[in-house]
Every structure is written in structure tokens, then in C-alpha cells.
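These are my notebook entries on a single protein chain, written down as I looked things up. I begin with one residue and work outwards from there.

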Amino acid sequence: MNEEENWLHGKQIECPNCHQWLYRVDHSPFYDEYFWYCNRCPIHVEISYYDPVVRQVEQQVRQASEARQGEWFVTFVRALEERLKPCRCGGSFRRDAPRRCFTCHAPVISDITISVDLYPGWMNYDSEPDASSEVQAEHWTAQFTRTKDIWQDVHL
Ligand SMILES: [Zn+2]
Ligand SMILES: [Zn+2]
């Protein structure tokens, strides 16, 4: 892959603790989801931009912070974080939580100044997927991502 194709800065990195290979990549602007990460374990939650709860919170926050343009996003993030169910480990999902190793759970990327996602090293999309890597990917997804039943009880 040349630099131009690699515009999301995908790169193999090594866990500093257990030396497992991992793959970091900027969060694609073409995704319609936020990926927010547990503050204690490697699980992340995927939150659709079109989720009714997201829409509702966004509208409330925009109205409330009309006087302070530009600050609404910070308030929005905090409000959404509070609505999410805790992770099954007991941690909370946060936009800027460290990205953690899937094997040893050590924080691998702690400076979340831009939105970055972390995957296992074998999931780097440089190689053509075969049947066994698809099964492996499904297994990983089931273990480390949450896409359903993500909200605390809400009354819309
Ligand atoms: Zn590790
Ligand atoms: Zn967790």
C-alpha cells in the first residue's frame, strides 16, 4: 500500500506490554458511527449517528448551548456518555478512553487527540480475506464490539 492509498494512516504497532501485533487506523470519516471505548477493557461501542437517542440528545444540547457556539460537541459527548449502559466489565464507554491491547488489556494509545481505532494485527485489510479470517473477524467482533442494547433505560 502506498502513502496516498493509506490516507487513514493505518499502521502495524506492537503492544508495549505483551508485544502482540496490533493495527491502528484513523477512524474513517465515511463511517456513520462513533466508536467509543471502555475505560477499563478493550471493548468498544458503536453508536450510529442516526440512532434516535443520539438525535434527541444532539437536539437538546444544540438548543441549550445556542449562546455558546462551538461548545455544543463537548456537552453532547458528555451527555451521550451518561446515557450509555456500562460495559460488561463494569467500566464506562468514553470518547477519549485509551485504546487497549486485546490480549493483555494494557493501554496502547492514550493520546486520543484525533479519533483512532485499534484492531488486532491480523485485521489490517492489506491481505485478501479468506474464509478462516472471516470467522476470526466475526469472533473478534462478537467479543470486543457492542452495537445493540447500548442505552440505559430511556424515555423518548
Ligand atoms: Zn498486550
Ligand atoms: Zn469494559
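**Entry 1: a tyrosine and its surroundings.** I looked up the contacts of Tyr37 and, leaving out residues up to four places away in sequence, I found that Tyr37 touches His44, Phe93, Arg94, Ala97 and Arg99. I note at once that the model is a predicted one, and I keep this in mind for every entry that follows.

**Entry 2: the cores.** Which residues make up the largest nonpolar core? I listed 8 of them, namely Trp36, Tyr37, Cys38, Val45, Ile47, Cys87, Phe93 and Ala97. When I sorted these by element, strand E3 (33-38) and strand E4 (44-48) were the ones that give two or more residues to the core, and E3 supplies the largest share, with 3 residues. I also found a second core, separate from this one, which has 6 residues and includes Cys15, Leu22, Phe102 and Leu118. As background I wrote down that nonpolar side chains tend to be buried together in soluble globular proteins.

**Entry 3: the sheet.** I then followed the strands and found an open sheet of 4 strands in the order E5-E3-E4-E9, with mixed pairing. Why is one side of strand E5 (93-94) and of strand E9 (145-146) left without a neighbour in the sheet? Both strands stand at the edges and each has a single partner strand, so there is no neighbour on the other side. For the pair E3 and E5, I noted that the two strands run antiparallel and are joined by 2 bridges; looking at one residue, I saw that Cys38 has Phe93 in E5 as its bridge partner.

**Entry 4: a glutamate in the sheet.** I picked Glu46, which is found in strand E4, and asked how many C-beta neighbours it has inside 10 Å. The number is 17, and Glu46 therefore counts as partly exposed, since a buried residue needs 20 or more and an exposed one has 12 or fewer. Apart from residues up to four places away in sequence, Glu46 touches Glu33, Phe35, Thr145 and Thr147. I also checked Glu46 against Pro16, which is 30 residues apart from it along the chain, and their C-alpha atoms are separated by 26 Å.

**Entry 5: two positive phi angles.** His9 has a phi near 55°, a positive value in a residue other than glycine. This residue is found in the segment before strand E1 (11-14), and His9 is exposed because 11 other C-beta atoms lie within 10 Å. Asp149 is not a glycine either, yet its phi is positive at about 55°. Asp149 lies in the segment after E9 and counts as exposed, with 6 C-beta neighbours inside 10 Å.

**Entry 6: a helix.** I compared the length of helix H3 (residues 131-144) with what is expected: at 1.5 Å a residue its 14 residues should span 20 Å, and the end C-alpha atoms are 20 Å apart, which agrees. H3 is hardly covered, as the count of buried residues in it is 0.

**Entry 7: the whole chain.** Finally I stepped back and counted 3 helices and 9 strands, which run β-β-β-β-α-α-β-β-β-β-α-β from the N terminus on. The C-alpha trace spans about 45 × 35 × 30 Å along its principal axes, and 14% of the 156 residues count as buried. Among contacts with a separation of 6 or more, 59% are between residues 24 or more positions apart.

Note on methods: Residues are numbered from 1 along each chain as its sequence is written. Chains are lettered from A and ligands numbered from 1 in the order in which they are written. This is a predicted model: local features need pLDDT of at least 70, side-chain atom pairs count only at pLDDT 80 or more; totals for chains, interfaces and linings use all residues. Two residues are in contact if their C-beta atoms, placed from the backbone, lie within 7 Å. The expected span of a helix is 1.5 Å times one less than its number of residues. A nonpolar core is a set of buried Ala, Val, Leu, Ile, Met, Phe, Trp, Tyr and Cys residues joined through C-beta atoms within 7 Å. Two strands pair if DSSP finds at least two bridges between them.
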